[in-house]
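Thank you for making room for me this morning. I would like to walk you through one structure, slowly, for those who have not met it before.

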Amino acid sequence: MTPKKKKLVLADPQTQSQWFSRVREAHQTETTEDYVELIADLIGAQQEARLSDLSARLGVSHATASKVISRLKDEGYVDSEPYRSIFLTDKGWTLAQKCKERHEIVLAFLIRLGVPPDTAEFDAEGIEHHISAETLDIFRRFKG
């Protein structure tokens with residue numbers, strides 16, 4: 001005997017394409033946000049951010065981290081010189097603060113729901129890049 005299946009109802013194509021488009025946009029900004037937020041954290045914790053620290057903490061090769069830093073420099077988020085620390089520009093600090101606030105709101109919300117802190121930290125790292133401003137505002141209000 002097979003279980004009775006409910007008929008799947010899809011959203012209209014335009015709505016669904018907007019959802020997928022928004023996810024693709026979030027994926028494009030994730031790397032920038034992860035690097036900028038980590039650079040700010042490293043500066044806060046050890047007064048400098050080095051390429052070797054970034055590659056180790058992000059789990060990427062030195063060459064990959066170097067390529068991303070070069071792109072972030074071109075986009076105006078960081079300043080760096082060969083064999084020197086990496087610094088955030090005003091634009092970089094602004095983005096880092098926005099990312100950190102978003103992360104803290106999501107993290108607090110998940111913990112308030114009863115998610116264990118280690119799991120909440122892991123999950124917040126992914127959710128923070130995909131959450132809408134509307135949902136984030138609801139999370140903010142819910143956390144108290």
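I will start with the chain as a whole, then turn to its nonpolar cores, and end with a few single residues.

Please keep in mind throughout that what you see is a predicted model. The protein chain holds 6 helices and 2 strands, and if you follow the chain from the N terminus, the elements come in the order α-α-α-β-β-α-α-α. The radius of gyration is 19 Å, well over the 15 Å that the globule rule gives for 144 residues, and so the chain is more spread out than a compact globule. In terms of extent, the C-alpha atoms fill a box of roughly 65 × 35 × 30 Å when this is taken along the principal axes.

Let me add a few totals for the chain. Of its 144 residues, 32% are buried, and the protein chain exposes about 10000 Å², with carbon and sulfur atoms supplying 55% of that area. If we take the contacts between residues at least 6 apart in sequence, 55% of them join residues that are at least 24 apart. As for charge, there are 20 positive and 23 negative side chains, and the centres of these two sets lie 8 Å apart.

Now to the interior. Which residues touch the most other members of the largest nonpolar core? That core has 21 residues, and the ones in question are Ile 39, Leu 54, Ile 69, Leu 72, Val 78 and Ile 86. At least two residues of this core come from each of helix 1 (13–46), helix 2 (51–58), helix 3 (62–74), strand 2 (86–88) and helix 4 (90–113), and it is helix 1 that gives the most, with 7 residues. Ile 39 is a good place to rest the eye, and, leaving aside residues up to four places away in sequence, Ile 39 touches Ala 49, Leu 54, Ile 69, Val 78, Ile 86 and Leu 88. There is also a second, separate core of 10 residues, which includes Val 106, Leu 107, Ala 124 and Phe 139.

Let me turn to single residues, beginning with two polar or charged side chains.

Is Glu 33, which is found in helix 1, buried or exposed? The relative accessible area of Glu 33 is 8%, and because the cut-off for buried is under 20%, Glu 33 counts as buried. Again setting aside residues up to four places away in sequence, Glu 33 touches Leu 95, Cys 99, Arg 102 and His 129. By way of a distance across the model, the C-alpha atoms of Glu 33 and Arg 141 are separated by 24 Å, with their positions 108 residues apart along the chain.

Ser 55, in helix 2, is likewise counted as buried, at 9% relative accessibility. With the same neighbours in sequence left out, Ser 55 touches Val 60, Ser 61, His 62 and Ala 65. Ser 55 and Tyr 35 are 20 residues apart in sequence, and their C-alpha atoms are 9.7 Å apart in space.

On the exposed side, I have three residues to point out.

Where does Gln 47 sit? Gln 47 is placed in the loop between helix 1 and helix 2, where it has a positive phi of about 65° although it is not a glycine. The relative accessible area of Gln 47 is 60%, and since exposed means over 50%, Gln 47 is counted as exposed.

Ala 63, in helix 3, counts as exposed too, at 56% relative accessibility. The C-alpha atoms of Ala 63 and Leu 136, which are 73 residues apart along the chain, are separated by 35 Å.

Finally, Arg 112 has its place in helix 4, and at 52% relative accessibility Arg 112 counts as exposed. Between Arg 112 and Glu 125, 13 residues apart along the chain, the C-alpha separation is 16 Å.

To close, I would ask you to take away this much: a predicted model of a chain that is more spread out than a compact globule, with a largest nonpolar core of 21 residues and a second, separate one of 10.

How values were computed
Residues numbered from 1 in each chain as written. Predicted model: local features only at pLDDT ≥ 70, side-chain atom pairs only at ≥ 80, totals over all residues. Heavy atoms only, no water. Helix = DSSP H or I, 4+ residues; strand = E, 2+ residues; numbered from the N terminus. Rg over C-alpha atoms; globule rule 2.2 N^0.38 Å. Buried < 20%, exposed > 50% of the residue type's maximum accessible area, 1.4 Å probe, protein only. Contact = heavy atoms within 4.5 Å. Areas by Shrake-Rupley, 256 points an atom, 1.4 Å probe, with all protein chains shown as cover. Lys, Arg positive; Asp, Glu negative; His and termini not counted. Charge placed at Lys NZ, Arg CZ, Asp CG, Glu CD. Core = buried A, V, L, I, M, F, W, Y, C linked by side-chain atoms within 4.5 Å.
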